[in-house]
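Here is a relaxed walk through one protein chain, written for someone meeting it now. Have a look at the sequence and the structure, then read on.

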Amino acid sequence: MSTHTAQLSNDPLWPRAGSWPAFDGIADAVVLGVPTWRTSLSPTGAHATPAAIRETLPRYGTTLMGPPAIELDEVLRIADAGDVADPDGSAGEARVISRVRELAAAAKLVIALGGDNSLTYPTALGAEATGLITFDAHFDLRDGVSNGTPVRRLVEDIPAASPVDTTRIDPTRIVQIGIADFANSAAYARRAADWGIRVITLDELRRRGIDDVIAEALDLAGAGADPRIHLDIDVDVCDRSVAPGCPASVPGGLQAWELRALTRAVASDSRVVSADLAEVDATADADDARTVRLAALCVLELLAGLAARG
């Protein structure tokens, strides 16, 4: 997949996104590549996606139209911490946990570029999340270790290879938004209900509207003392027409504007300390790279939310 960014025009009055400096210990937001893929339940080239998102970001500007218009690069210190090498497996997860913990101690928001959905587990642990919000068509409550298990693991598992102490997430502080018909099983729906996970289906989201749903999600995931929310953006929550590069996306999912609006709304809350983008396979995208482009825009929406905190 190539987005041909080398052919983009150069206009000094139109700054482009991306090409952020390397993380040097001080930042408002830090981008980190976490190219997980080896435990995926379906064949995937998701490990190619962090590089593809970085290549795509310069297609977009950094301006929020307001009014007044502001440049994200002028109001935020944004840095790029590179990629975690070989993030799969217990040793890889330990590296992710350690690196995210280091970044989260220095920045207001860590943005992890996946990779399949297995990155959610070590990223949330590294950020010391006490609550979780997912945009996902699927529960991710399977047993074992795969891209279908991170939510279950965050409730039940402690990584044996972790270099730091970690804690489970109380399932009553987990909110799953966009869960879809014909994409799950009744057994996992019962597991979510038994554990007290708040499930907001795709139908409920559309019936109630984004503002109402996000207010509830932030209230639940951000409960308790010293709350720290992790946001998992599984792009396969979207309609397959806008996310053909997600192996599990189905017709009828979210539109691109809905995912972008949800992302900015959640990131606007100061209790959100980390986020991940998952399940985009850059090697299986459409010729126009529409899925990777949407993922890149979600990075910018996260930054826009951070800027809106004031």
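## Starting out at proline 12

Let's begin with proline 12, which sits in the segment before strand β1 (29-34). Keep in mind that what you're looking at is a predicted model. Is proline 12 buried or exposed? With a relative accessibility of 76%, proline 12 counts as exposed, because the bar for that word is anything over 50%.

For a sense of distance, take glycine 82 as a partner: proline 12 and glycine 82 are 70 residues apart along the chain, and their C-alpha atoms are separated by 26 Å.

## The whole chain

Now step back. The chain holds ten helices and ten strands. Its C-alpha trace spans about 55 × 40 × 40 Å along the principal axes. How does the radius of gyration fit a compact globule? For 310 residues, such a globule would come out near 19 Å, and the chain has 18 Å, so the two agree.

Of those 310 residues, 55% are buried. Among contacts with a separation of 6 or more, 77% are between residues 24 or more positions apart. On the outside, the chain exposes about 12,600 Å², with carbon and sulfur atoms supplying 51% of that area. As for charge, there are 28 positive and 44 negative side chains, and the centres of these two sets lie 1 Å apart.

## Two cis bonds in a row of loop residues

Next stop: the loop between β2 (63-64) and β3 (70-71), where proline 67 is placed. Proline 68 belongs to the loop between β2 and β3 as well. Which bonds here are cis? One joins glycine 66 to proline 67, with omega at about 0 degrees. Another joins proline 67 to proline 68, again with omega at about 0 degrees. In general, most peptide bonds are trans.

## Helix α3 and the loop before it

Moving along, aspartate 86 lies in the loop between β4 and α3. Aspartate 86 has a positive phi of about 45 degrees, although it is not a glycine. As a rule, most residues other than glycine have a negative phi. Aspartate 86 is also exposed, with a relative accessible area of 53%.

Then comes α3 itself, covering residues 89-104. This helix has 16 residues and reaches 22 Å from its first C-alpha to its last, close to the 22 Å expected at 1.5 Å a residue. Which residues of α3 are buried? They are Gly92, Glu93, Ala94, Val96, Ile97, Val100, Leu103 and Ala104. What do these buried residues pack against? Their partners are the strands β1, β4 (78-83) and β5 (109-114), plus the helices α4 (120-126) and α5 (150-156).

## Isoleucine 233, tucked inside

Isoleucine 233 is part of strand β9, which runs over residues 229-234. Its relative accessible area is 0%, so isoleucine 233 is buried. What does isoleucine 233 touch, leaving aside residues up to four places away in sequence? The list is Phe135, Leu259, Thr263, Asp276, Leu277, Ala278 and Leu302.

Proline 251 gives another yardstick: 18 residues separate isoleucine 233 and proline 251 along the chain, and their C-alpha atoms are separated by 18 Å.

## The last helix and its surroundings

Toward the end of the chain, glutamate 279 is found in the loop between β10 (272-278) and α10. Glutamate 279 has a positive phi of about 70 degrees even though it is not a glycine. Is glutamate 279 buried or exposed? It is buried, with a relative accessible area of 8%.

Helix α10 covers residues 290-308. It has 19 residues and reaches 26 Å from first C-alpha to last, close to the 27 Å expected at 1.5 Å a residue. Most of α10 is covered, with 15 of its 19 residues buried. Alanine 308 is found in this helix, and at 55% relative accessibility alanine 308 counts as exposed. Alanine 308 and tryptophan 195 are 113 residues apart in sequence and 34 Å apart in space, C-alpha to C-alpha. Just after α10, glycine 310 takes a positive phi of about 85 degrees.

How values were computed. Residues numbered from 1 in each chain as written. Predicted model: local features only at pLDDT ≥ 70, side-chain atom pairs only at ≥ 80, totals over all residues. Heavy atoms only, no water. Helix = DSSP H or I, 4+ residues; strand = E, 2+ residues; numbered from the N terminus. Rg over C-alpha atoms; globule rule 2.2 N^0.38 Å. Buried < 20%, exposed > 50% of the residue type's maximum accessible area, 1.4 Å probe, protein only. Contact = heavy atoms within 4.5 Å. Areas by Shrake-Rupley, 256 points an atom, 1.4 Å probe, with all protein chains shown as cover. Lys, Arg positive; Asp, Glu negative; His and termini not counted. Charge placed at Lys NZ, Arg CZ, Asp CG, Glu CD. Expected span 1.5 Å × (residues − 1).
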